[in-house]
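Let's take a walk through a protein model, one piece at a time. Have a look at the picture before reading on.

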Amino acid sequence: MSPGVLRGVDRAAFAVAFAGRLRRAGIAAGLTDVDDFVRALAASPPDSMSSLYWTARISLVRRHTDLAAFDRVFAAIFADPPPLPRPSRSTSTTDDHDDRYVRVPAGSDASGSGEGLPWATLPPAVAETAERDTALRLPERRPSALTGLADRPFDHLDPAQVTQLGDALRAAVVGWPTRRTRRHAIATGGARVALRQTIARARRTGWEPVEVVRERPTRRPRRVVLLCDVSESMRAQATAYLHLMRAFAVVADAEVFAFATTLTRLTVVLRHTSAAEAIAQASAAVTDRYGGTRIATNLRALLTSHHVEAVRGAVVVIGSDGWDSDPPDDLAAVMARLSRRAYRIVWLNPRAGAPGFAPRVGGMAAALPYCDRMLPAGTFQDLLVVARQLQSVTCTDGRKWPTLTPAPRIIA
């Protein structure tokens, strides 16, 4: 393909004529689209037929249903170009490296192949072969399978698609933040003098501290505890939430629990190397799956068990729609107790992303004042956003996420 497909062609006249052919084929190519096409040709002159195709398609096509008609018009124009000779070097004053326009008469019959367009030069659309094809074989570029599934509801996905998106969640949970501990470790650039190590080394130099040993505070990953509602009202979201819990259990060493009427610890089974086996074992371990919901009772069971130390200073994530058979006052009391132990509390609600959503359910309204954030979690795209939000937790006590509203603990 020769460089400069439209060299010597009036780009504005070419765009207007090409848009006219598209409009006659039923494609709504307006003046704004033509202007975009002219600007695109000026900003990035096409050096091949493929680049011209994509420049025209991006600029002039606005609907997916118009792609077939666009391909037919494009193929009709470029498959059999009109026999217009290139201007002779001896008679033309235009240099090959000059982009000045030349006047070339266009054909009067627009129904012919390629006629009706102001061409000066037209390289062949395809290479010469034994059998010349009449249409361009261009790839159909569509969103990837993962991108297409990210915004679909959970109940519209099959198990293979859920597993594929679960792997994407695990890949998204990286760089888990750390927190400062009270312990110190020897470090060259530390700001604090390690007295014990400095005195121990001074024994070799007559108790003169010739070599000063320094230390700095050690950091540990911020602990995270996830609780997933697997009751009947969460049937469509339960498997997807288990994939999210597995991602944090594997990457961030999180403690994960499932609850309906009772509390079940799933930390060990979700750390299985196989995602499908881990979800299968977790589903088998939850004996009360797709039953009733007792959020207050299960949170109280967590706070009275030997796992309560995992909650202290941790980010607690609760995935539930807020439907609770326990009284709202009980849930408010246990949430107040949980908020005094946890570092932050995040509530994932699959219905929070719906237009006009308001937390009017008794359990959700009672728990809301004690949550630092309530995030929508109705699709896998929402869960990917949740993973990024949880990783943005700051490591300094007393501060919140950069995207959160400062205290008090109330959601706007």
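**A strand and its neighbours**

Start with a turn in the chain: strand 5 and strand 6 are joined by a hairpin through 3 residues. Keep in mind that this is a predicted model. The two strands, with strand 6 covering residues 263–265, pair up in the antiparallel sense, over 3 bridges. To spot one of those pairings, find F257, whose bridge partner in strand 6 is R265.

Now look at the other pairing of strand 5, with strand 4 (residues 224–229). Here the strands run parallel, and 5 bridges join them. In this pairing, L226 stands opposite V256 of strand 5. How does the chain get from one strand to the other? Strand 4, helix 8 (residues 235–251) and strand 5 together make a right-handed β-α-β unit.

So is strand 5 itself covered or open? Strand 5 spans residues 255–259, and 5 of its 5 residues are buried. In a regular strand, side chains alternate between the two faces of the sheet. For strand 5, one side carries E255, F257 and F259, the other carries V256 and A258, and both faces are covered.

Finally, zoom out to the largest nonpolar core, which has 45 residues. Among them, V224, F248, F380 and L383 touch the most other members. Strand 4, helix 8 and strand 5 each supply at least two residues of this core, and other contributors include helix 6 (159–172) and helix 14 (380–391). Which helix gives the most to this core? That's helix 8, with 9 residues.

Terms used. Residues numbered from 1 in each chain as written. Predicted model: local features only at pLDDT ≥ 70, side-chain atom pairs only at ≥ 80, totals over all residues. Heavy atoms only, no water. Buried < 20%, exposed > 50% of the residue type's maximum accessible area, 1.4 Å probe, protein only. Helix = DSSP H or I, 4+ residues; strand = E, 2+ residues; numbered from the N terminus. Pairing = 2+ DSSP bridges. Right-handed = clockwise from strand over helix to strand, strands pointing away. Core = buried A, V, L, I, M, F, W, Y, C linked by side-chain atoms within 4.5 Å.
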